[in-house]
Amino acid sequence: MSTRWHEVQNVREIPSPALLIYAERVEENIRRMIAMAGGVERLRPHIKTHKMGEMIELQVALGLRKFKCATLAEAAMAARHGAEDVLLAYQPVGPNTDLLLELAASFPSVRFSCVADNAATIGELSDAAARANTRLEVL
């Protein structure tokens with residue numbers, strides 16, 4: 001790879017603005033992340049850093065299975081692109097509780113979980129899961 005790898009050779013052919021992704025660099029960064037962590041089982045990358053289904057697919061192809069997200073839209077994207085385990089990094093409240101359970105029902109092969117920081121929210125999550133006749137892991 002050239003020392004000036006970031007320079008675009010065909011700049012006149014690319015509309016602006018444009019998102020340019022250097023796939024080789026991205027893949028190498030993921031491989032380094034895995035090596036630094038000591039294996040894929042020790043990682044749960046956060047989707048909010050890239051918000052791209054293609055990135056999830058690349059990470060899955062390199063052995064990653066667990067992901068963390070900040071929104072239900074990101075959780076759905078992760079499930080659609082091959083994630084096997086998705087942690088919602090905030091506690092769902094109000095309609096998001098039922099939406100999370102609906103998402104889990106739509107992707108039965110994906111393990112969904114969320115976090116909660118108070119007894120009332122945990123109770124609401126438990127009640128919603130009971131109404132949906134399902135289980136939801138809450139951290």
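Is Glu-27 buried, partly exposed or exposed? With a relative accessibility of 28%, Glu-27 counts as partly exposed, because anything under 20% would be called buried and anything over 50% exposed. Keep in mind as we go that this is a predicted model.

Let's stay with Glu-27 for a moment and look at its partner. Its side chain meets that of Arg-31 in a salt bridge, at 2.6 Å from N to O. Both residues sit in helix H1, and they are four residues apart, which is about one turn of the helix. Arg-31 is another partly exposed residue, at 43% relative accessibility. As for the general idea, side chains of opposite charge can pair when their charged atoms come close.

How many salt bridges does the structure hold? There are nine, and the one in helix H1 is joined on our tour by a pair with low residue numbers. Here Glu-7 and Arg-4 form a salt bridge, and their closest N and O atoms are 2.0 Å apart. Glu-7 is partly exposed, with 34% relative accessibility, and Arg-4 counts as partly exposed too, at 48%.

Now for a pair that reaches across the sequence. Arg-111 and Asp-85 make a salt bridge in which the closest N and O atoms lie 3.2 Å from each other. Arg-111 belongs to strand E3 (residues 111-114) and Asp-85 to strand E2 (residues 85-88), so this pair ties together parts that are 26 residues apart in sequence. And there's more to this spot: salt bridges with shared partners link Arg-44, Asp-85, Arg-111 and Glu-137 into one network. Within that network, Arg-111 is partly exposed, with a relative accessible area of 44%, whereas Asp-85 is buried, at 8% relative accessibility.

Last stop: His-46. Where does His-46 sit? You'll find it in the loop that runs between helix H1 (23-37) and helix H2 (53-61). Even though this is a loop position, His-46 counts as buried, because its relative accessibility is 16% and the cut-off for buried is under 20%. Its side chain reaches the backbone nitrogen of Lys-48, at 3.3 Å. Leaving aside residues up to four places away in sequence, what does His-46 touch? The answer is Lys-68, Cys-69, Ala-70 and Ala-89.

Note on methods. Residues are numbered from 1 along each chain as its sequence is written. This is a predicted model: local features need pLDDT of at least 70, side-chain atom pairs count only at pLDDT 80 or more; totals for chains, interfaces and linings use all residues. Side-chain values use heavy atoms; hydrogens and water are left out. Helices (H or I, at least four residues) and strands (E, at least two) are DSSP runs, numbered from the N terminus. Buried means under 20% relative accessible area, exposed over 50%, partly exposed in between (1.4 Å probe, protein chains only). A polar contact is a pair of N or O atoms within 3.5 Å; within protein, one must be able to donate a hydrogen and the other to accept it, and residues adjacent in sequence count only if both atoms are side-chain atoms. Contact means heavy atoms within 4.5 Å. A salt bridge is a side-chain nitrogen of Lys or Arg within 4 Å of a carboxyl oxygen of Asp or Glu.
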